[in-house]
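Welcome to this short tour. Please have your viewer open and your selection tool ready.

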Amino acid sequence: TVGRPTLVVTATPEYAADLYDDLVVLLGADRVGHYPSRQILPYDFKAPQGEIMGRRISTLSNLLDGDLAVVVAPVRAVLEPTISRDMLEAGRISLETGKQADMNNLVRRLVALGFRRVPVVEEVGDFALRGGLVDFFSPGSTAPSRVEFFGDEIDTIRLFDVGTQRTIDRVRRVSLLPHREVPLTTATIQPY
């Protein structure tokens, strides 16, 4: 190994996806990242699919953590602009049971990261607030998270099923990633 991740650039998104699947079998899912293209045309004002944005941002986050040996991307994805390293580092939130956290500050940060407040969490980028519970579905996660507060302390963190809203697993720690590659802040939005 060379001590840093290898970027494999492919000609088409289909070849990138196939190569990613092959490398997962050889190296394991935790060592290989897939960085897909947004699948929208430049200057098309449609938003990319949540799953694609989640995969892009989680791959970048895993690169920051040094978890990946190989990243596979089609050439178009490499040419598309993305979130800066500083913005990604500043936007990541780590929550852990037994640690202190201000629930109101968490809600403000979720909104700043591009999450949408809804009554019930169903999609990536959704969050809901009920009493001492904050539910959210972070990009790159396989299931949404439910964080239960006891005062300013995180009491429990659970993963839950979108359809039934029932707990499927308890975890000690969860990471929140930005929902957008370009955060909507006064600094990033310029008046016309």
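Which residues of α1 are buried? To find out, select A16, L19, Y20 and L23: these are the buried residues of α1, where buried means under 20% relative accessible area, exposed over 50% and partly exposed in between, with a 1.4 Å probe and protein chains only. Looking down the axis of α1, you will find them within an arc of 110°, so they line one face of the helix; the arc is that of the directions from the helix axis to the C-beta atoms. An α-helix has 3.6 residues a turn, so residues three or four places apart point the same way.

A word on what you are viewing: this is a predicted model, in which local features need pLDDT of at least 70 and side-chain atom pairs count only at pLDDT 80 or more, while totals for chains, interfaces and linings use all residues. Residues are numbered from 1 along each chain as its sequence is written, and side-chain values use heavy atoms, leaving out hydrogens and water.

Now turn α1 around and pick E14 and V25, which are exposed on the other side. Next, select the whole helix, residues 13-27. Its 15 residues reach 20 Å from the first C-alpha to the last, close to the 21 Å expected at 1.5 Å a residue; that expected span is 1.5 Å times one less than the number of residues. Just after α1 comes G28, with a positive phi near 100°.

Let's move to the strands. Select β1, β2 and β3: they form an open sheet in the order β1-β3-β2, with parallel pairing. The edge strands, β1 (6-10) and β2 (32-34), each pair on one side only. From one strand to the next, the twist averages 20°. Two strands pair if DSSP finds at least two bridges between them; β2 and β3 (residues 70-74) have three, in the parallel sense. For one such bridge, click V32 and then its partner in β3, V70.

Show helix and sheet together. α1 lies across β1, β2 and β3 and runs at about 165° to β3. Angles run from 0 to 180 degrees between N-to-C directions, using axes fitted to C-alpha atoms, for helices over the stretch in contact, and contact means heavy atoms within 4.5 Å. Try a distance from A17 in α1 to V72: their C-alpha atoms are 7.9 Å apart, though 55 residues separate them in sequence. A17 itself is partly exposed, at 26% relative accessible area.

Finally, zoom out to the protein chain, which has five helices and 11 strands. Helices (H or I, at least four residues) and strands (E, at least two) are DSSP runs, numbered from the N terminus.
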